[in-house]
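Work through the exercises below with the sequence and the structure open. Try each task before reading its solution.

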Amino acid sequence: MSATSDPLRDVGGLPAGGPGSGIPALVSDPLARARPANLWRDTLGNIFRQRSAIVGAFLLTVLVLTAVFAPVIATHNPNQPLLGREQGVIKRSPPCVHALGCPTTKPQHILGVDGNFRDVFSRVVYGARVSLAIGFAAIGFAIVVGSIIGMIAGFVGGWTDNVLMRLMDVILAFPSLLLAIAIVTAAGPSLVNALLAIGIVSVPIYARVVRSSVLAAREADYVTASRALGESGIGILLRRIMPNSLTPLVVQGTLGIGGAVLEIAALTFVGVTGSLDVPEWGSMISIESQQLFNAPHVILAPGLAITLTVLAFNLLGDGLRDALDPRLNR
Amino acid sequence: MTRFIIRRLLVTIPVLFGLVFLVFVLARVVPGDPCRAVLGERATDAVCDAFIVRYGLDQPIPVQFGIYLGQLAQGDLGTSIKHSRPVTQLLIERLPTTVELSVLALIFAIVIGVPLGIASAIRRNSPIDVGAMVTANLGVSMPVFVLGLFLQFIFALLLKNTFLALPASGRLSAGVSVEPLVEVWGMTGTTGIVRGILDFFSGIYTFSAAITGQWGAWLDAVRHLILPAIALGTIPLAIIARITRSSLLETLGQDYVRTARAKGLRERWVVIRHATRNALLPVVTVVGLQFGALFSGAVLTESTFNLAGVGRTLFEAISGRDYVVIQGFILIVAVAYVVVNLIVDISYGYLDPRIRPQ
């Protein structure tokens with residue numbers, strides 16, 4: 001068979017010969033000359049075609065920058081009462097910005113002062129650190145534990161699967177906030193325990209996501225091929241099956257962090273975490289919740305901060321889902 | 001159908017058993033001495049020993065669990081350590097508040113959420129759609145208690161002297177009361193289950209005041225419920241609107257919808273009869289799933305609006321280490337959750353003939 005009559009090469013109508021060699025290539029892939037597909041570039045392109053993802057990513061960037069540069073952005077020490085340190089400071093005084101016409105005789109506080117003579121703006125800025133750190137850590141914990149449970153359940157199958165999944169059902173049958181309250185009460189009031197509680201109640205979601213990807217991939221031909229090539233069970237699980245769960249985990253995790261930020265605010269709002277020595281949005285609202293009618297700014301400011309943070313994760317998560325799910329690509 | 005229901009019920013038994021066990025264990029690992037939590041820090045050792053024996057807390061935990069299961073089988077949820085009253089009685093008192101609030105919140109969510117989702121889907125990418133979806137996104141992102149406080153701020157303070165003013169907390173105004181059914185109907189002598197049921201329905205003020213014609217009290221109760229129901233219903237509303245929208249968009253692209261249009265049916269008829277009916281299936285699932293979330297929200301709504309419902313009672317029981325109340329209330333909540341999911345599963349059959357069990 002001469003090189004010129006190679007049907008595979010004729011299809012593409014491409015010049016004969018492998019790169020840099022006189023030997024004709026057996027198969028010169030016609031598709032290879034098309035624009036090479038780049039997984040990362042395509043994915044990013046897809047993500048940034050989603051309006052909600054752009055808005056979410058923007059909000060999140062602002063939030064992360066706020067958290068990282070909190071000491072630069074904050075105008076005051078978030079924990080220090082200003083009584084006796086600043087002239088003319090009034091308890092729960094409303095926002096005062098000199099540039100917007102507030103008399104310069106009064107001290108400037110962008111979002112006002114709280115009931116302990118502390119600057120609300122600085123507390124809201126530092127609060128971003130706590131909420132983001134807890135959100136990421138709690139969901140990180142849930143993803144790791146949930147993935148392990150889901151992998152075992154899906155890969156081993158049988159009664160192990162049954163027991164593990166029924167256990168997950170039991171956790172899901174609880175109203176999650178009450179379970180979290182109960183765990184924090186049992187483990188002792190602290191932010192770390194609140195983080196763990198939120199992590200624990202979120203585990204079932206990730207266990208289910210991973211299990212269903214494992215089940216779907218377990219019988220696939222490429223897995224059978226790996227097994228035939230002598231790859232170990234763990235190797236198959238981690239290298240061949242797990243990459244399939246990455247997309248749903250990323251999407252679910254992004255939405256989950258938003259949920260975790262809501263839950264941590266709820267836990268500190270009901271007060272199970274005890275008194276905190278760091279500025280945290282939920283507890284800021286909780287402490288001042290009786291002051292709604294005479295000093296609304298001390299509640300509205302952290303309330304808006306929580307809402308914007310959760311909104312950022314929800315928008316990004318929705319955008320990621322639309323971008324990463326090939327079935328939805330139009 | 002009966003066989004399907006029975007099979008579904010059998011599947012839920014291990015889950016319920018696991019739940020009872022988990023609650024039992026969790027309630028017992030809560031640190032702290034229940035005796036001193038209830039009787040005060042200065043209770044003497046002798047008093048505490050008697051207290052512990054009285055509530056069976058000296059028995060090994062497996063024995064306690066066995067005793068508890070035995071009581072449960074007889075429909076006895078135990079006696080609250082803190083209130084010294086049967087848990088069932090507490091439930092009859094507190095459950096109506098939560099049921100009333102949750103039902104109203106869910107009705108609000110469905111009545112507004114479904115049409116909003118339909119409107120968004122029909123006028124895709126129009127200002128209505130964009131506006132509705134932005135609102136829905138904000139709705140799911142706002143904590144219940146923040147929304148509750150915002151609403152109080154607007155309706156109880158900013159609109160204070162207008163006709164839109166609404167009360168910020170409680171179930172009834174001072175001086176207003178709803179006469180219980182047993183008194184209105186002259187049945188004060190009844191006891192047992194009948195009395196329990198009557199008292200339970202008396203506690204649902206908007207219901208009992210309406211059927212006994214106490215319209216003044218009814219209006220007052222409704223006015224008190226509006227803000228909490230909006231606060232609690234907003235997250236489900238947003239989720240329902242989004243699901244309705246995406247589900248209807250998918251259905252509108254189906255072949256049978258094209259056929260219906262090709263037949264020359266009016267667009268409104270196509271959307272309502274052919275598309276929406278089929279698009280509502282996932283919405284039903286979501287409504288069922290929202291029930292659990294609704295309950296988490298109820299804890300926060302009840303503490304924001306100062307309502308003595310199940311959520312707040314449970315929260316107080318957890319911090320007061322009242323094991324018996326924790327167990328009883330969680331069990332009821334979980335049973336309710338399981339029952340709601342069962343109803344959802346059964347309703348599928350009616351909505352979608354393809355999955356109707358033979």
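## Exercise 1: Fold of the two chains

Read along the sequence, chain A runs α-α-α-α-α-α-α-α-α-α-α-α-α. The model is a predicted one.

**Task.** State how many helices and strands chain A and chain B have.

**Solution.**
- Step 1. Chain A has 13 helices and zero strands.
- Step 2. Chain B has 15 helices and zero strands.

**Task.** Give the percentage of residues that count as buried in chain A and in chain B.

**Solution.**
- Step 1. Chain A has 330 residues, and 42% of them count as buried.
- Step 2. Chain B has 358 residues, and 37% of them count as buried.

**Task.** Take the contacts between residues at least 6 apart in sequence, and say what share in chain A joins residues at least 24 apart. Then do chain B.

**Solution.**
- Step 1. In chain A the share is 68%.
- Step 2. In chain B, residues 24 or more positions apart account for 72% of the contacts with a separation of 6 or more.
- Step 3. Add the dimensions of chain B: its C-alpha atoms fill a box of roughly 85 × 60 × 45 Å along the principal axes.

## Exercise 2: A helix pair in chain A

**Task.** Describe how helix 6 and helix 8 of chain A pack.

**Solution.**
- Step 1. Locate the pair. Helix 6 of chain A covers residues 158–173, and helix 8 of chain A covers residues 191–218.
- Step 2. Take the geometry. The angle is about 135°, and the axes are 9 Å apart.
- Step 3. Classify the angle. Angles over 145 degrees count as roughly antiparallel and 65 to 115 as roughly perpendicular. Helix 6 of chain A is therefore oblique to helix 8 of chain A.
- Step 4. Assign the hand. Helix 6 of chain A passes helix 8 of chain A in a left-handed crossing.
- Step 5. List the contact. Helix 6 of chain A supplies A:Met168, A:Ile171 and A:Leu172. Helix 8 of chain A supplies A:Val201, A:Val203, A:Pro204, A:Ala207 and A:Arg208.
- Step 6. Sort the residues of this contact by class: seven nonpolar, no polar and one charged.

## Exercise 3: A helix pair in chain B

**Task.** Repeat the analysis for helix 5 and helix 6 of chain B.

**Solution.**
- Step 1. Helix 5 of chain B spans residues 87–122, and helix 6 of chain B spans residues 127–141.
- Step 2. They pack at about 135°, with axes 8 Å apart.
- Step 3. That angle makes helix 5 of chain B oblique to helix 6 of chain B.
- Step 4. The crossing of helix 5 of chain B past helix 6 of chain B is left-handed.
- Step 5. From helix 5 of chain B come B:Leu116, B:Ala119 and B:Ser120. They meet B:Ile128, B:Asp129, B:Ala132 and B:Met133 in helix 6 of chain B.
- Step 6. The contact divides into five nonpolar, one polar and one charged residue.

## Exercise 4: Where the chains meet

**Task.** Characterise the side of chain A that touches chain B.

**Solution.**
- Step 1. Count. The contact takes 34 residues from chain A and 36 residues from chain B.
- Step 2. Find the elements. Helix 6, helix 7 (176–187), helix 11 (246–270) and helix 13 (297–324) of chain A each give two or more residues.
- Step 3. Rank them. Helix 13 of chain A gives the most, with eight residues.
- Step 4. Sort by class. This side of chain A has 24 nonpolar, eight polar and two charged residues.

## Exercise 5: Helix 11 of chain A

**Task.** Check the length of helix 11 of chain A against 1.5 Å a residue.

**Solution.**
- Step 1. Its 25 residues should span 36 Å.
- Step 2. The end C-alpha atoms are 35 Å apart, which agrees.
- Step 3. Look at burial. In helix 11 of chain A, 21 of the 25 residues are buried.
- Step 4. Look past the end. A:Gly271 follows, with a positive phi near 90°.

## Exercise 6: Single residues

**Task.** Place A:Phe117 and B:Asn306, and say whether each is buried, partly exposed or exposed.

**Solution.**
- Step 1. A:Phe117 is not a glycine, yet its phi is positive, about 60°. A:Phe117 sits in the loop between helix 4 (70–73) and helix 5 (120–156) of chain A.
- Step 2. A:Phe117 has 18 other C-beta atoms within 10 Å, so it is partly exposed.
- Step 3. B:Asn306, also not a glycine, has a positive phi of about 55°. B:Asn306 lies in the loop between helix 13 (267–304) and helix 14 (310–319) of chain B.
- Step 4. B:Asn306 has 12 C-beta neighbours inside 10 Å, so it counts as exposed.

Key:
Residues numbered from 1 in each chain as written. Chains lettered and ligands numbered in written order. Predicted model: local features only at pLDDT ≥ 70, side-chain atom pairs only at ≥ 80, totals over all residues. Axes fitted to C-alpha atoms, helices over the stretch in contact; angles between N-to-C directions. Helix = DSSP H or I, 4+ residues; strand = E, 2+ residues; numbered from the N terminus. Parallel < 35°, antiparallel > 145°, perpendicular 65-115°, else oblique. Left-handed = near helix turned anticlockwise from the far one by under 90°. Contact = placed C-beta atoms within 7 Å. Nonpolar A, V, L, I, M, F, W, Y, C, P; charged D, E, K, R; others polar. Buried ≥ 20, exposed ≤ 12 C-beta atoms within 10 Å, placed from the backbone. Expected span 1.5 Å × (residues − 1).
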